[in-house]
Amino acid sequence: MKSTWLIFLLVLLILFPINLFCQTRVNITKPRLELSDENLIIEYDILSADPSDLFKVWIEVTNASGSKIIALTLSGDVGEEITGGSNKRIHWNLEVDNISLDGEIFIEVLAEKKKLPEVQKETIPVETTPTTDVNKISKGNMVFSSMVLPGWGLSKVKQGKPYWILGVAGYGCLAGSVILNRSALNTYDEYKLSMDTDEGNTLWEKSTKQIDMSRIM
């Protein structure tokens, strides 16, 4: 049992760097800003993008002292599944977010290319070995086992080889993602209630790291 958990931990450590490198930042132009009534219009271009490419786009806002400002009331070309190209526009309602432009603020537009999910197929070689009632495994049993835990059915066919470890790792990452997401929301609620600037910055950074790890997992 101890060796099984060691293998499980090694699989997780291998999976994390792969996911980190899969999140590819892309080049975008310097944002162009225009103030219209209570809205701040942020224009940008996503460079060298194919028509089929999709991006996740967000903004980071800081004041003159370097403290982060949370922009909640955003619309337009921001969020998930944004196509590439020129003349992208984000509308930020400053009045609703209670943002005053008495001092300087700095805005950075960030984008990350989204990878389309790949369809994975398992091929099971047919072996011409004698079958007995003890070693026989039906196709229905094998499919049901793989539905319960990915890789379990293949482990049965491959005489107990630990393909099921990948399924355990996947469920572990999923559970960790949910836990970190909930923790990030709780930390963000603490940030909104904080009246201390230093404590607020610390809570903001902690919440950002937790949500980033949740997305990675």
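Biologist: I should like to begin with one residue, Lys113. What is the relative accessible area of Lys113, and how should that value be read?

Modeller: The structure above is a predicted model, and every value discussed here is computed from it. Lys113 has a relative accessible area of 35%. Because buried residues fall under 20% and exposed ones over 50%, with partly exposed in between, Lys113 is classed as partly exposed.

Biologist: With which residue does Lys113 meet in a salt bridge?

Modeller: The general idea is that side chains of opposite charge can pair when their charged atoms come close. In this model, the side chain of Lys113 forms a salt bridge with that of Asp53, with 3.5 Å between N and O. Lys113 belongs to strand 9, whereas Asp53 sits in the loop between strand 3 and strand 4, so the pair ties together parts that are 60 residues apart in sequence.

Biologist: Is Asp53 buried or exposed?

Modeller: Asp53 is buried, at 10% relative accessible area. Its surroundings can be read from its contacts: leaving out residues up to four places away in sequence, Asp53 touches Ile82, Thr83, Gly84 and Lys113. A polar atom of the Asp53 side chain also lies 2.9 Å from the backbone nitrogen of Asp50.

Biologist: How many salt bridges are counted in the model?

Modeller: The count is seven. Another of them joins the side chains of Asp45 and Arg32, at 3.3 Å from N to O. Asp45 is in strand 3 and Arg32 in strand 2 (residues 32-36), so this pair ties together parts that are 13 residues apart in sequence. The partners differ in their cover: Asp45 is buried at 14% relative accessibility, while Arg32 is partly exposed at 32%.

Biologist: Which salt bridge lies within helix 5?

Modeller: Asp212 and Arg215 form a salt bridge through their side chains, at 4.0 Å from N to O. Both residues belong to helix 5 (residues 197-216) and stand three residues apart, which is about one turn of the helix. Both are partly exposed, Asp212 at 35% relative accessibility and Arg215 at 48%. Elsewhere, salt bridges that share partners join Arg32, Glu43, Asp45 and Arg89 into one network.

Biologist: How should I read the overall arrangement? What helices and strands does the protein chain have?

Modeller: The protein chain has five helices and nine strands. Read from the N terminus, the order of elements is α-β-β-β-β-β-β-β-β-β-α-α-α-α. Of the contacts with a separation of 6 or more, 63% are between residues 24 or more positions apart.

Biologist: What share of the residues is buried, and which residues have the most contacts inside the largest nonpolar core?

Modeller: Of the 217 residues in the protein chain, 28% are buried. The general idea behind a core is that, in soluble globular proteins, nonpolar side chains tend to be buried together. Here the largest nonpolar core has 19 residues, and those with the most contacts inside it are Ile42, Tyr44, Val57, Ile59, Ile90, Trp92 and Val109. Strand 3, strand 4, strand 8 (85-93) and strand 9 (105-113) are the elements that give two or more residues to this core. A second, separate core has five residues, including Ile70, Tyr188, Leu203 and Trp204.

Biologist: With which residues is Tyr44 in contact?

Modeller: Neighbours within four places in sequence aside, the contacts of Tyr44 include Val57, Ile90 and Val109. Arg32 and Arg89 are also among them.

Biologist: Where is Ala71 placed, and is Ala71 buried or exposed?

Modeller: Ala71 lies in the loop between strand 5 (68-69) and strand 6 (74-76), and is buried at 18% relative accessible area. Apart from neighbours within four places in sequence, Ala71 is in contact with Ile59, Trp92 and Asp97. The C-alpha atom of Ala71 is 9.9 Å from that of Asn98, a residue 27 places away along the chain.

Biologist: Which residues form a nonpolar patch on the surface?

Modeller: Tyr171, Leu174 and Val178 form such a patch, with about 290 Å² of accessible area together. Val178 is part of helix 4 (residues 164-193) and is partly exposed, at 41% relative accessible area. For the protein chain as a whole, the accessible surface comes to about 15100 Å², and carbon and sulfur atoms account for 57% of that surface.

Key
Residues are numbered from 1 along each chain as its sequence is written. This is a predicted model: local features need pLDDT of at least 70, side-chain atom pairs count only at pLDDT 80 or more; totals for chains, interfaces and linings use all residues. Side-chain values use heavy atoms; hydrogens and water are left out. A polar contact is a pair of N or O atoms within 3.5 Å; within protein, one must be able to donate a hydrogen and the other to accept it, and residues adjacent in sequence count only if both atoms are side-chain atoms. Contact means heavy atoms within 4.5 Å. Patches are made of residues with over 30% relative accessible area and no salt bridge: like charges are joined within 9 Å, nonpolar side chains (Val, Leu, Ile, Met, Phe, Trp, Tyr) within 5 Å. Accessible areas come from the Shrake-Rupley method with a 1.4 Å probe; for residues, only the protein chains shown count as cover. Helices (H or I, at least four residues) and strands (E, at least two) are DSSP runs, numbered from the N terminus. Buried means under 20% relative accessible area, exposed over 50%, partly exposed in between (1.4 Å probe, protein chains only). A nonpolar core is a set of buried Ala, Val, Leu, Ile, Met, Phe, Trp, Tyr and Cys residues joined through side-chain atoms within 4.5 Å.
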